[in-house]
Amino acid sequence: MGIGTSTQIKVSRDLVTGNILFNPVGFNSLGINTSTNSIRIENHKFKTGDKIKYESNLLPEGLDNKNYFIYKVDDDTIKLCETEIDVNSDIPKVI
């Protein structure tokens, strides 16, 4: 916890890249829709442009264990983009 706050934050280090990771979010493969290229995570709190690290033992087609940018569809659904430019395009280029 930080000084003057009561919100807990989980902090870890990515063993491959050395990057610092904050508040990992877990979900199961049932939330992945390969027809719409979307991921359903109820009340996810992400916003468009957030950078995340996707990591899984069982990867859906088209995804790798690496960093992506969030395109927020709604409060329960996100899509992933390769770059910040892709996510901020007039028509986001999702994968």
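Student: How many bridges hold strand 6 and strand 7 together?
Tutor: Strands here are DSSP runs of E with at least two residues, helices are H or I runs of at least four, and both are numbered from the N terminus. Two strands pair if DSSP finds at least two bridges between them. Strand 6 and strand 7 pair in the antiparallel sense, and their bridge count is five.

Student: Before going on, what kind of model is this?
Tutor: Residues are numbered from 1 along each chain as its sequence is written, and side-chain values use heavy atoms, with hydrogens and water left out. Local features need pLDDT of at least 70, side-chain atom pairs count only at pLDDT 80 or more, and totals for chains, interfaces and linings use all residues, since what you're looking at is predicted.

Student: Back to that hairpin: which residue in strand 7 is the bridge partner of Asp74?
Tutor: Strand 6 covers residues 66-74, and strand 7 covers residues 77-81. Two residues sit between these strands in the hairpin. Across from Asp74, the bridge partner is Thr77.

Student: What is the strand order of the open sheet?
Tutor: Strands of a sheet pair through backbone hydrogen bonds, either parallel or antiparallel. The pairing is antiparallel in this five-strand open sheet, and the order reads 3-4-7-6-5.

Student: Which strands stand at the edges, and why do they count as edges?
Tutor: Each edge strand has a single partner, so one side of it is left without a neighbour in the sheet. That applies at residues 32-33 and at residues 51-54, in other words to strand 3 and strand 5.

Student: Which residue in strand 6 stands opposite Tyr54?
Tutor: Strand 5 and strand 6 run antiparallel, joined by four bridges. Lys51 of strand 5 faces Phe69 in strand 6. For Tyr54, the opposite residue is Lys66.

Student: On the other flank of strand 7, what stands opposite Ile39?
Tutor: Strand 4 (residues 38-40) runs antiparallel to strand 7, with two bridges between them. The residue in strand 7 opposite Ile39 is Ile78.

Student: How many residues of strand 7 are buried?
Tutor: Buried means under 20% relative accessible area, exposed means over 50%, and partly exposed is anything in between, using a 1.4 Å probe and protein chains only. Over the whole chain of 95 residues, 22% count as buried. Strand 7 is mostly covered, and of its five residues the buried number is four.

Student: Which residues of strand 5 lie on its covered face?
Tutor: Lys51 and Lys53 belong to the uncovered face. The covered face is made of Ile52 and Tyr54.

Student: How many residues make up the largest nonpolar core?
Tutor: A nonpolar core is a set of buried Ala, Val, Leu, Ile, Met, Phe, Trp, Tyr and Cys residues joined through side-chain atoms within 4.5 Å. Ile52, Tyr68 and Leu80 are among the members of the largest one. Strand 5, strand 6 and strand 7 each supply at least two of its residues. The total is 10.

Student: Which residues does Val11 touch beyond four places away in sequence?
Tutor: Val11 belongs to strand 1, residues 11-13. Contact means heavy atoms within 4.5 Å. By that rule, and skipping residues up to four places away, Val11 touches Ile20, Leu21 and Phe22.

Student: Is Lys45 buried or exposed?
Tutor: Lys45 lies in the loop between strand 4 and strand 5. Its phi is near 70 degrees, a positive value in a residue other than glycine. With a relative accessible area of 67%, Lys45 is exposed.

Student: What is the phi of Asn37?
Tutor: Asn37 sits in the loop between strand 3 and strand 4. Its relative accessible area is 35%, so Asn37 is partly exposed. Although Asn37 is not a glycine, its phi is positive, at about 55 degrees.

Student: How far apart are the C-alpha atoms of Ser56 and Asn28?
Tutor: Ser56 is in the loop between strand 5 and strand 6, and its relative accessible area of 22% makes it partly exposed. Along the chain, Ser56 and Asn28 are 28 residues apart. Their C-alpha separation is 9.5 Å.

Student: Zooming out, what pattern does the chain follow along the sequence?
Tutor: The chain has one helix and seven strands. Its C-alpha trace spans about 45 × 25 × 25 Å along the principal axes. Read along the sequence, the pattern is β-β-β-β-β-β-β-α.
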